[in-house]
Amino acid sequence: FTAKMDEEGTKGKWATIPTRRKPGSWAYNAYQVACGSVATVYKVSLKGDTSNPDVTQIQARVVVVDADGIKNEYYTLPVRDEVARGTGITEIIVNTKPGEKLILTVATTPDSELDNNKYKYIYDYQYKIEKTSQVVPVK
């Protein structure tokens with residue numbers, strides 16, 4: 001994991017990626033939150049950076065892993081162009097149960113061929129994982 005956090009996540013603050021962990025093309029980072037001993041609702045947010053190239057495409061998913069690792073729940077964060085390029089924010093609200101883990105994965109998936117060492121892009125984004133009092137329906 002790029003970062004492991006306790007049940008407080010990023011404590012309501014935007015987190016940046018350490019320079020040595022910023023992904024290139026077709027790479028990913030994963031962030032884990034160890035949920036506490038009570039049911040918790042989290043808001044997971046993501047925003048790209050205005051320094052990202054025009055070909056930037058980012059895919060983001062949240063997985064809630066149950067305590068036994070058997071019945072996981074998967075969520076997609078919609079990352080539009082304005083989010084990937086740093087002029088918008090995407091977010092999702094998810095419920096967790098005691099003992100579960102929340103995992104955010106962020107992958108860079110540019111839509112053009114970037115081989116032959118002609119393009120060596122490094123992508124940047126910020127993420128926020130925080131407890132919230134917002135309510136979402138339980139599945």
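**Entry 1: contacts and overall build**

I began with the contacts of the protein chain, and I noted that, among those with a separation of 6 or more, 83% join residues 24 or more positions apart. I remind myself here that I am reading a predicted model.

I then looked up the secondary structure, and I found one helix and nine strands in the protein chain. Going along the sequence, I wrote down the pattern β-β-β-β-β-β-α-β-β-β. The radius of gyration came next: for the protein chain it is 15 Å, and since the globule rule gives a close 14 Å for 139 residues, I may call the chain as compact as a globular protein of that length. For the outline, I recorded that the C-alpha atoms fill a box of roughly 50 × 30 × 25 Å along the principal axes.

**Entry 2: surface and burial**

I asked myself what share of the 139 residues counts as buried. The value I noted for the protein chain is 43%. On the outside, the chain exposes about 7,900 Å², and I see that carbon and sulfur atoms supply 48% of that area.

**Entry 3: the open sheet**

I followed four strands that form an open sheet, and I wrote their order as β2-β9-β4-β7, with antiparallel pairing. At the edges stand β2 and β7 (90-96), and because each has a single partner strand, one side of each is left without a neighbour in the sheet. Looking at one of these pairings, I found that β2 and β9 (residues 125-131) are antiparallel and share two bridges. When I went to Ala 15, I found that its bridge partner in β9 is Tyr 127.

**Entry 4: around β3**

Which strands did I find paired with β3 when I checked β1 and β8? β1 pairs with β3 in the parallel sense, over three bridges, whereas β8 (residues 101-108) runs antiparallel to β3 and is joined to it by seven bridges. I took one residue pair from each of these pairings: Ala 3 has Tyr 31 of β3 as its bridge partner, and Ala 30 has Thr 105 of β8. I also checked how β3 is covered, and I noted that five of its seven residues are buried, so that I can describe the strand as mostly covered. As a general reminder for reading strands, I wrote that the side chains of a regular strand alternate between the two faces of the sheet.

**Entry 5: two loop residues with positive phi**

I looked up Lys 11, which is not a glycine and yet has a positive phi, near 60°. Lys 11 has its place in the loop between β1 (3-5) and β2 (15-16). Is Lys 11 buried or exposed? Its relative accessibility is 56%, and because a residue over 50% counts as exposed, I entered Lys 11 as exposed.

I then turned to Trp 26, another residue that is not a glycine, and its phi is also positive, at about 60°. Trp 26 sits in the loop between β2 and β3 (28-34). With 60% relative accessibility, Trp 26 counts as exposed too.

**Entry 6: aromatic rings**

Last, I looked at the rings, and I asked how many aromatic pairs the structure holds. I wrote down two. I also asked where Lys 47 lies with respect to Trp 14. Lys 47 lies over the face of the Trp 14 ring, and the distance from the ring centre is 4.5 Å.

Terms used
Residues numbered from 1 in each chain as written. Predicted model: local features only at pLDDT ≥ 70, side-chain atom pairs only at ≥ 80, totals over all residues. Heavy atoms only, no water. Phe/Tyr/Trp six-rings, centres within 6.5 Å; stacked < 30°, edge-to-face > 60°. Lys NZ or Arg CZ within 6 Å of the ring centre and 35° of its normal. Rg over C-alpha atoms; globule rule 2.2 N^0.38 Å. Buried < 20%, exposed > 50% of the residue type's maximum accessible area, 1.4 Å probe, protein only. Contact = heavy atoms within 4.5 Å. Areas by Shrake-Rupley, 256 points an atom, 1.4 Å probe, with all protein chains shown as cover. Pairing = 2+ DSSP bridges.
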